[in-house]
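Q: Hi! Could you take a look at this one with me? I'd like to go through it bit by bit.

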Amino acid sequence: MLSNITLHIEDDYEAMSKKATDVFIMALSQKMRSVFGFATGDTPKGLYRNLRTKDPYLFKRITAFNLDEYYPIHPENEQSYAYFMAKHLFDAIDLPQKQRHSPNGMAEDPIAECELYEQKLTAYGGIYFQVLGIGRNGHIGFNEPGESWTAQTNYVPLTQSTIDANSPNFLDPKDMPRHAITTGMRGIMTAKQIMLLASGENKAEILYKALTGPVTPSVPASVLQLHPDVTVVVDAAAGALFPRGK
Ligand code: F6R
């Protein structure tokens, strides 16, 4: 394992979430006035639940940038990522609306929305601490496997594997949008610190590939091998292919 990557393999989901909370709070207490990037999905739910129990004062000065959003989707749709972050964290910590940023899933022109989101992120000086999950196909954000990486915030067609993984969350799976707007690799890779979470045996192989295999856009998360400061926190099932110990 590369020395820029710190890997914590915890016994189970709860222990993983606890460790992730400790890492997050450590970063937050070092720099309370900074930009935090948030992923959605099942994996960080335990982290966000734990953060909800912390003193809301801690979060008073953060600026939040959501990593991605479906397109098209209304922010009040319960499956939207704007709704997810509000429900799982932002409302509970009383984060003012003006400190919450998310790609607009209702923007008239998704390409123009990507440019706007990129500009906003740049204007805020980029991300200080980015929370990431990993897709079963190795995606981070909605940067899907492909032949090249996209640096900028981008408008992407979702792959079948992502549609299969996420459509059961929709009341009618056919309602899942087939596109998304995602922070690109520049936004992710210029974060000062990254914390990647993974849970469950269906992430074991892709996680191992991403962290130890070739750096390639066909495994988007492999780009993290090039980042200077990545903490990976996983449960035993997701970390099964790594030797136990650090
Ligand atoms: C979500 C996101 C995705 C997820 C990934 C893992 O905002 O960007 O990359 O992190 O699909 O999802 P879960 O945690 O549901 O397995």
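Q: Let's start with a ring: is Tyr 81 buried or exposed?
A: Happy to help, and one thing up front: this is a predicted model. Tyr 81 counts as buried, because its relative accessibility is 9% and the cut-off for buried is under 20%.

Q: How many aromatic pairs are there in total?
A: The count comes to 16 aromatic pairs.

Q: Can you give me one with its geometry?
A: Sure. Phe 36 and Tyr 128 form an edge-to-face pair, with 6.0 Å from centre to centre and 75° between the planes. Phe 36 belongs to strand β2 (residues 35-38), while Tyr 128 sits in the loop between α4 and β6 (129-132), so this pair ties together parts 92 residues apart in sequence. Both Phe 36 and Tyr 128 are buried.

Q: And what about the rings of Tyr 70 and Tyr 81, how are they arranged?
A: Their centres are 4.7 Å apart and their planes meet at 45°, so that pair is tilted. Tyr 70 is in strand β4 (residues 68-71) and Tyr 81 in helix α3 (residues 81-90), so the pair ties together parts eleven residues apart in sequence. Tyr 70 is buried too, at 1% relative accessibility.

Q: Which residues do ring pairs link into a cluster?
A: The cluster is made of Phe 24, Phe 36, Phe 38, Tyr 48, Phe 59, Phe 90, Tyr 128 and Phe 129. You'll recognise Phe 36 and Tyr 128 from the edge-to-face pair.

Q: Nice. Switching to the ligand: which residues come nearest to it?
A: There are 14 residues around the ligand, and those that come nearest are Thr 43, Asp 68, His 139, Gly 141 and Lys 203.

Q: What does Lys 203 do there, in terms of atoms?
A: An N or O atom in the Lys 203 side chain is 2.6 Å from an oxygen atom of the ligand. There are backbone contacts as well: a polar backbone atom of Gly 141 lies 2.8 Å from a ligand oxygen, and a polar backbone atom of Asp 42 is also 2.8 Å from an oxygen of the ligand.

Q: How much of the ligand does the protein bury?
A: The protein buries 89% of the 410 Å² that the ligand exposes when taken alone.

Q: You mentioned Asp 42. Which residue does its side chain meet in a salt bridge?
A: That would be Lys 45, at 3.0 Å from N to O. Asp 42 is exposed, because its relative accessible area is 53%, and Lys 45 counts as partly exposed at 31%.

Q: How many salt bridges does the whole structure have?
A: Six turn up in a search of the whole structure. One of them joins Arg 49 and Glu 14, with the closest N and O atoms 2.8 Å apart. Arg 49 is in helix α2 (residues 45-52) and Glu 14 in helix α1 (residues 13-30), so the pair ties together parts that are 35 residues apart in sequence. Arg 49 is partly exposed at 31% relative accessibility, and Glu 14 is partly exposed at 43%.

Q: Another one, please, this time with Glu 118. Where is its partner?
A: Glu 118 pairs with Arg 186 at 2.7 Å, N to O. Arg 186 is in helix α6 (residues 185-189) and Glu 118 in helix α4 (residues 110-123), so to speak distant parts of the chain, 68 residues apart. Glu 118 is buried, with a relative accessible area of 5%, whereas Arg 186 counts as partly exposed at 31%.

Q: Okay, backbone next. Which peptide bond is cis?
A: The bond from Tyr 71 to Pro 72 is cis, with omega near -10°. Pro 72 lies in the loop between β4 and α3.

Q: And what is phi of Asp 94?
A: Phi is near 55° there, a positive value in a residue other than glycine. Asp 94 is in the loop between α3 and β5 (100-101), and this residue counts as exposed at 59% relative accessibility.

Q: Last topic, the surface. Which residues make the nonpolar patch of about 260 Å²?
A: Trp 149, Val 215 and Leu 226 make that patch. Leu 226 is in the loop between α7 (204-212) and β10 (230-235), and counts as exposed at 57% relative accessibility.

Methods
Residues numbered from 1 in each chain as written. Predicted model: local features only at pLDDT ≥ 70, side-chain atom pairs only at ≥ 80, totals over all residues. Heavy atoms only, no water. Patch = residues over 30% accessible without salt bridge, like charges linked within 9 Å, V, L, I, M, F, W, Y side chains within 5 Å. Areas by Shrake-Rupley, 256 points an atom, 1.4 Å probe, with all protein chains shown as cover. Salt bridge = Lys/Arg side-chain N within 4 Å of Asp/Glu carboxyl O. Helix = DSSP H or I, 4+ residues; strand = E, 2+ residues; numbered from the N terminus. Buried < 20%, exposed > 50% of the residue type's maximum accessible area, 1.4 Å probe, protein only. Near = heavy atom within 4 Å. Polar contact = N/O pair within 3.5 Å; in protein donor to acceptor, adjacent residues only side chain to side chain. Phe/Tyr/Trp six-rings, centres within 6.5 Å; stacked < 30°, edge-to-face > 60°.
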